[in-house]
Amino acid sequence: MRMSFIRLGIIGSVALLCYLAIMYCIVSPHLSINMLYLPLFCRGFAYTTLSIVFMASLHDVMDFNHFFQGLSIFNMIHMVIGGCLGCAVYAKMFGWYVADGFARYSSPALWVHNAAPLNADALLDNMLLVGVKAVYGWACFGCIALVLGFMLFDSPIRRHRSYMLPWRFVGKMLKHYYGLGK
């Protein structure tokens with residue numbers, strides 16, 4: 001309640017960076033489901049915190065009458081367009097890096113001097129792993145840019161109301177606005 005939106009945004013972005021870094025380090029074909037608890041907790045915490053920050057920032061720039069229209073547009077962009085676009089970008093990057101790995105490392109010339117026969121399953125697992133790690137690596141760089149953006153962000157719009165209001169104060173404002181407290 002006493003933190004500014006920027007500080008909450010930094011905390012959420014750092015939690016998202018922790019998720020991406022942990023997943024980059026632990027992803028493998030032999031991953032145990034128990035190893036996913038911490039990164040998924042970090043991701044859930046980050047998404048919740050960043051959603052609160054963005055919705056509270058949306059509330060700062062528009063009045064209460066238009067807030068729900070803005071919230072609907074925010075959710076459309078966040079959940080529909082962002083989800084589809086993000087999935088498409090990840091799939092395209094994954095395709096590029098897996099194809100690049102196959103082009104570089106599956107050449108018959110690499111296997112001429114090798115006494116062991118070509119193990120296609122191991123090669124496929126390794127190329128998929130390289131693609132997944134490359135996507136997580138670029139996502140880490142993007143998240144670092146997000147953290148730096150939050151740290152460098154300084155807007156005069158939010159200086160007068162940079163702290164979240166207590167819930168009882170919000171309730172009193174709503175009662176007063178709708179005339180319920182008389």
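Me: Which helix does isoleucine 81 lie in?
Reply: Quick heads-up: this model is predicted. Isoleucine 81 also helps make a nonpolar surface patch, along with residues including Ile77, Val80 and Leu85. Its place in the chain is helix 3 (residues 64-105).

Me: And about what area does that nonpolar surface patch have?
Reply: The patch is made by Ile73, Met76, Ile77, Met79, Val80, Ile81, Leu85, Val89 and Tyr90. For the protein chain, 71% of the accessible surface belongs to carbon and sulfur atoms. The patch itself comes to about 900 Å².

Me: How many helices and how many strands does the protein chain have?
Reply: Start at the N terminus and read off the elements: they run α-α-α-α-α. That gives a tally of 5 helices and 0 strands.

Me: What share of the residues of the protein chain count as buried?
Reply: To count as buried, a residue needs under 20% relative accessible area. Cysteine 143 makes that cut with 3%, while cysteine 25 is exposed at 59%. Of the 182 residues in the chain, the buried share is 25%.

Me: Which helix gives the largest share of the largest nonpolar core?
Reply: This core has 14 residues, and Leu16, Tyr19, Leu20, Met23 and Tyr136 touch the most other members. Two or more residues come from each of helix 1 (5-26), helix 2 (37-61) and helix 4 (120-152). The largest share is 6 residues, and they come from helix 1.

Me: Which residues does tyrosine 136 touch, not counting those up to four places away in sequence?
Reply: Tyrosine 136 is one of the core residues that touch the most other members. Leaving out residues up to four places away, its contacts are Tyr19, Leu20, Met23 and Tyr24.

Me: Why is cysteine 25 not bonded to cysteine 140?
Reply: A disulfide is a covalent bond between the sulfur atoms of two cysteines. To count here, the sulfurs have to be within 2.5 Å. Cysteine 140 has the closest cysteine sulfur to that of cysteine 25, but the gap is too far for a bond, because it is 8.1 Å.

Me: How many disulfides does the count come to?
Reply: Cysteine 143 is in no disulfide, since the nearest cysteine sulfur, in cysteine 140, is 7.2 Å away and the limit is 2.5 Å. Cysteine 25 is too far from its closest cysteine sulfur as well. The count comes to 0 disulfides.

Me: How far apart are the C-alpha atoms of cysteine 143 and leucine 16?
Reply: Cysteine 143 sits in helix 4. Its contacts, leaving aside neighbours within four places, are Ser13, Leu16, Leu17 and Leu20. Cysteine 143 and leucine 16 are 127 residues apart along the chain, yet their C-alpha atoms are separated by 7.2 Å.

Me: Is aspartate 125 buried or partly exposed?
Reply: Aspartate 125 has its place in helix 4. Its C-alpha is 8.7 Å from that of serine 28, although the two are 97 residues apart in sequence. Partly exposed runs from 20% to 50% relative accessible area, and aspartate 125 has 37%, so it counts as partly exposed.

Definitions and conventions:
Residues are numbered from 1 along each chain as its sequence is written. This is a predicted model: local features need pLDDT of at least 70, side-chain atom pairs count only at pLDDT 80 or more; totals for chains, interfaces and linings use all residues. Side-chain values use heavy atoms; hydrogens and water are left out. A nonpolar core is a set of buried Ala, Val, Leu, Ile, Met, Phe, Trp, Tyr and Cys residues joined through side-chain atoms within 4.5 Å. Buried means under 20% relative accessible area, exposed over 50%, partly exposed in between (1.4 Å probe, protein chains only). Helices (H or I, at least four residues) and strands (E, at least two) are DSSP runs, numbered from the N terminus. Contact means heavy atoms within 4.5 Å. Patches are made of residues with over 30% relative accessible area and no salt bridge: like charges are joined within 9 Å, nonpolar side chains (Val, Leu, Ile, Met, Phe, Trp, Tyr) within 5 Å. Accessible areas come from the Shrake-Rupley method with a 1.4 Å probe; for residues, only the protein chains shown count as cover. A salt bridge is a side-chain nitrogen of Lys or Arg within 4 Å of a carboxyl oxygen of Asp or Glu.
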